[in-house]
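Okay, thanks for coming, everyone. I'll put the structure up and then talk through some helix packing and the ligand site.

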Amino acid sequence: KISRSVWLTDRNENVALSIRHKGEHIFYEKSPYQTVEIFDTFEYGKMLTIDKMVMCTEKDENAYHEMIVHVPMLLNPSFSNVLVIGGGDGGSVRELIRHSHIQKITIVEIDETIIRASKQYLPSLSSQLNNEKVDLHIEDGITFIHNTDNEQYDLIIVDSSDPVGPAEGLFSYEFYRQIYRCLKPDGAMAANTESPCFNQKVFVDINNCLSDIFGKENVHSYLSFIPTYPTGMWSFGYARKGSMHPLKNFDSEQAEIFTKKHNLKYYNPGIHRSAFCLPTFVQNMLNE
Ligand code: PUT
């Protein structure tokens, strides 16, 4: 194990943004899909990267996983059958397991290397992947959703990596049309919709696509602050087939009880509400 510096570079269609971290390189594997690595960094603890792009770190992953899970779940407390596409590090599954009335979590991860690396080096994320409620499929999420019958799931979480490489199809119109088809009539979805500052085109395209499929009034973009992602400003899309509006139907008291009970690190009722307040330049991007 040698302490060293590593440059990690996120890319979008026009530019690249590199950040240097220091630490030990503890895992490297070229899978059939991508290069998976783990660094034990000085600043952020263990860091999982794919093709030199940061997927998660021990120190700031809560800001991602708590927000992609608890925002939709606390709005829809009766949801019991959940599908996660991607998310092989296990962080989303760990947060879903906190909702004790969930009966089944199906997770579909294309790359078993991610699962293996996370189980070995990131136990704080992957701890619930072997939970009895979890049904794990090593399979392409696009194929899986195409082969799924109509109206199967209460909630679908698209916990994708970035739209370069194998995850590109998880940002397509056809994929979200299939997600819509597989949601129950009262169902909802939450997805990683990238950074409005860094991945502007992807952010706008995915929101337009969701608006077209779910109806603009049923699509709500929300933000989280994740220091190790490019620019730190990150977004998620909550889209609903059912009626649960993210603010009008929000039960602050229940969210407060849940936050305290689980000692959450990022999510709380105030963050839930404020996450849907978008800076003007982001609103303009969505309204143009
Ligand atoms: N699973 C989330 C990955 C996003 C990385 N930028």
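**Helix packing and the ligand site**

Let's start with a crossing: α7 and α10 cross in a right-handed way. One thing to keep in mind throughout is that this is a predicted model.

So what do we want to know about a pair like that? Two packed helices are described by the angle between their axes and the distance between the axes. Here, α7 packs against helix α10, residues 280-287, at about 55°, and the axes are 9 Å apart. That angle makes α7 oblique to α10.

Which residues of α7 meet α10? On the α7 side you've got Q200, F203, V204 and N207, and facing them from α10 are V282, M285 and L286. Sort that contact by class and you get five nonpolar residues, two polar and no charged ones.

Now stay on α7, which spans residues 200-214, and look at helix α6, residues 173-182. The axes of α6 and α7 come within 10 Å and cross at roughly 40°. Angles from 35 to 65 degrees fall in the oblique class, and α6 and α7 are therefore oblique to each other. This crossing is right-handed too.

From α6, the contact uses Y173, Y176, R177 and Y180. From α7, it uses I206, C209, L210, D212, I213 and F214. By class, the α6 contact with α7 has eight nonpolar residues, no polar ones and two charged.

Okay, over to the ligand. What's around it? The surrounding residues are V54, M55, Y64, D159, S160, D162, N192, Y229 and W234.

Three of those come with distances to a ligand nitrogen. For D159, a polar side-chain atom lies 2.9 Å from a nitrogen atom of the ligand. With S160 the backbone is involved: one of its polar backbone atoms is 3.0 Å from a ligand nitrogen. And for D162, we're back to a side chain, with an N or O atom 2.8 Å from a nitrogen atom of the ligand.

That's my tour, so over to you.

Terms used. Residues are numbered from 1 along each chain as its sequence is written. This is a predicted model: local features need pLDDT of at least 70, side-chain atom pairs count only at pLDDT 80 or more; totals for chains, interfaces and linings use all residues. Side-chain values use heavy atoms; hydrogens and water are left out. Axes are lines fitted to C-alpha atoms, for helices over the stretch in contact, and angles run from 0 to 180 degrees between N-to-C directions. Helices (H or I, at least four residues) and strands (E, at least two) are DSSP runs, numbered from the N terminus. Angles under 35 degrees count as roughly parallel, over 145 as roughly antiparallel, 65 to 115 as roughly perpendicular and the rest as oblique. A crossing is left-handed if the near helix is turned anticlockwise from the far one by less than a right angle, and right-handed if clockwise. Contact means heavy atoms within 4.5 Å. Ala, Val, Leu, Ile, Met, Phe, Trp, Tyr, Cys and Pro count as nonpolar, Asp, Glu, Lys and Arg as charged, and the others, Gly among them, as polar. A residue is near a molecule or strand if one of its heavy atoms lies within 4 Å of it. A polar contact is a pair of N or O atoms within 3.5 Å; within protein, one must be able to donate a hydrogen and the other to accept it, and residues adjacent in sequence count only if both atoms are side-chain atoms.
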